[in-house]
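Dear colleague,

I am handing over the structure we spoke about. My notes on what was found follow below it.

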Amino acid sequence: MPVVYGMNHASAPQTVRERVAFAEPDIPEAVARLRRIAGVEEALILSTCNRTELTVCMKREQASTTLAGFLARERPITEEELERHCYLYSDDQAVRHVFRTAASLDSMVVGEAQILGQVKRAYALAGRAGSLGSVLDALYRRAIMVARKVRNETGIGRNPVSIAYAAVGLARDIFGGFEDTTVLIVGAGKMARLAAQHLIGHGVRTVLVANRSFQRADELARDLGGRAVPFDRLFQEMERADIVIASTSAPHTVIQRDDAQRLSRARRGRPIFFVDIAMPRDVDPGVNEVDNVYLYDLDDLQRVVRANQDGRREEVVTAEAIIEREADVFLAWIRSLQVAPTIVDLRRRLHDIAAHELARFHGRLGTLTSAQEDAVRQMAESLVNKLLHPPTLALKQAAAVDGGELRVRLIREIFGLESSVTAPLPADDEDGADAPPQPPGTSGKERG
Amino acid sequence: MDWSLVLLRIALASYGLGFVASFFPGGRFAFRRLAPWLTGAGWVAHTVSLIALGIALGRCPLATLPEVLSTLAWSAVAVYLAAFWRWRLEVLHVLVLPLVLVVLFVSGRLPEDVIPVAEPLRPTLWRFHLTVIIFGVAALFITFAASVAYVLLDRALKSKSPRRFLPRLPSLEICDSVGQVSLLWAFPLMTLGIITGAILSASLNHTFWAWQPQETLAVLAWAILGVVVVARRGWGWRGRKVALLTIVAFGCVLLRMLGVY
């Protein structure tokens, strides 16, 4: 069964997380080393700025010490620190955790879209390193599918919940796309740079920078691949701009209502969007009343973010229900994977006994015609199959119920099968008695 | 059994279902995805219904006001479906379908008086007049829907709580360009309609201008649309004021078409 060991934004501070995080190029080798540790059957490493998690297939009892030891060897961190900040999920909990993580329910910003890409990347890296087996491969493929389902069927990712995203979302409400929009940045501070980078990341191509110090404007413009414009030509430039980001350190407002009115006339109704991220504000609030001019300051953006967060909380309930359903389906499959070796062992054991007894009694029966020999063999086979039917059924039912392991162990004991109960992969069955279980969604074929 | 009526009811039911579907939450297997298909199915039923009516009557089904309105609703759905495939604007369902439903319902309640045709020599002009007017108004349906969407989104943005009210509206720019493109289709058709209407009126009343309320309303609507076109194309105007003017003009057209004045 899968085990997840690691830390996230809720369990560990940034300073600890950044020490544990793996750089992407190091992950393939690290995950291969993890896979080679005794007792670890499959392995995957997910490492982002908000979480580092090791997902492995191994016995739960050894997991904590083995995995803490691995992390302490690989990263500059002690086992004591790991004990303080790490969590361990196994079996059902591990499956649910992986599903919730991929669906962004475990993220700092619930519903953010990046995590799914990161999970896919981690899955690809582990696949390339050859550290995945049937369980983790199926688990992560399923998790990616469930995450897509959650995104499609709930509104969890629909509304932006950070200020920068909120501003981009509003600009999209106004302009649709950003390819043909021009952004004018007023002020050359850090906030302005961040906001501009965000917009460029969303496809804005033309960036103008105006600042009282032309030199600083020029520096910022060069960094952003834009053009600096003289501050005294601010309003002429605004006639061409679509989005204006204001973040000067001026103690009073720089853009007044009258300016906006002139601007609206000059632009003949083309909408213009002011984002005022300055403290104190750069744009007079009255500007918002001018036709085709839209103004959002930090408080307004914060309000949009809060409203979106409230909306997301409702969606989380729906998303959790989807995850619960999908986890149940996956767990039923994984349990069936566990009973398969026992069914195979049981069949082999009884058929071996029959073959052995047939050979033993062969001498006592005297000479038999080939038809008689066939009849005896058939009788033995039929006896074995009839005897096998109830325990096989009981094993298959054990796969579907909680605590089924006990039943499996009991059957193994009664029929004198060897002690190991779980095996990650069903052994190939020479006589083809039982096909290996199929992943959820396809139906297993059986004979007997 | 009157097949055209049965089919018309099927069409009405499909339009109604399409309208209801557009309010359901989205998702891969959501009912909402069926909205355009339901409307499309309704439109096919509507088409067959009009053909059946034409065959039953032995003439083009454009002689009575209910027939004209039914054809108008049919062409509005056709234009709407075309606009939907072109721009993928889900908001069109919510705005165009109720209009279509209202027009169809009203058409069912009107007396079946045959519109007097001016002269037996002018039936071709008469049919041309009706056809261009019908397609002009159908295109104007889209203009109207885009303008309403623009005004709603503008209000939501100004009130600083945009997404919560109207999660599925397209952007202002898209509303504006859809409004412009559909208006540039609607206006020439309306102009042709007004001119042919004046010629028909002249042959009936022996004057181009009889000061009848429906004529006045039609010309008023056309004049407002003219102003909008000039404002958009000539002066480069866009945005809220243009959208509001378009809505007023469409109101006049609708009043004229429904005969409520």
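Contents of chain A and its contact with chain B

In chain A, 71% of the contacts with a separation of 6 or more are between residues 24 or more positions apart. Please keep in mind that this is a predicted model.

Chain A has 448 residues, of which 43% count as buried. Its secondary structure consists of 15 helices and ten strands.

One sheet in chain A is worth going through. This sheet is open and antiparallel, with four strands in the order 2-3-1-4. Strand 2 (42–47) and strand 4 (87–90) of chain A are the edges, each with pairing on one side only. On average, neighbouring strands of the sheet are turned by 15° against each other, direction ignored.

Strand 1 (residues 2–8) of chain A is joined to strand 4 of chain A by four bridges, in the antiparallel sense. Within chain A, A:Tyr5 stands opposite A:Leu88, which belongs to strand 4. Helix 7 (residues 134–153) of chain A packs on this sheet and touches strand 1, strand 2 and strand 3 (51–57) of chain A. The direction of this helix makes about 35° with that of strand 2 of chain A.

Next, the contact between the chains. Chain A contributes 24 residues to it and chain B contributes 23 residues. On the side of chain B that touches chain A, the elements giving two or more residues are helix 5 (123–158), helix 6 (162–165), helix 7 (172–205) and helix 9 (240–258) of chain B. The residues on that side of chain B comprise nine nonpolar, nine charged and five polar.

Regards

Key
Residues are numbered from 1 along each chain as its sequence is written. Chains are lettered from A and ligands numbered from 1 in the order in which they are written. This is a predicted model: local features need pLDDT of at least 70, side-chain atom pairs count only at pLDDT 80 or more; totals for chains, interfaces and linings use all residues. Two residues are in contact if their C-beta atoms, placed from the backbone, lie within 7 Å. Ala, Val, Leu, Ile, Met, Phe, Trp, Tyr, Cys and Pro count as nonpolar, Asp, Glu, Lys and Arg as charged, and the others, Gly among them, as polar. A residue is buried if 20 or more other C-beta atoms lie within 10 Å of its own, exposed if 12 or fewer, and partly exposed in between; C-beta atoms are placed from the backbone. Two strands pair if DSSP finds at least two bridges between them. Axes are lines fitted to C-alpha atoms, for helices over the stretch in contact, and angles run from 0 to 180 degrees between N-to-C directions.
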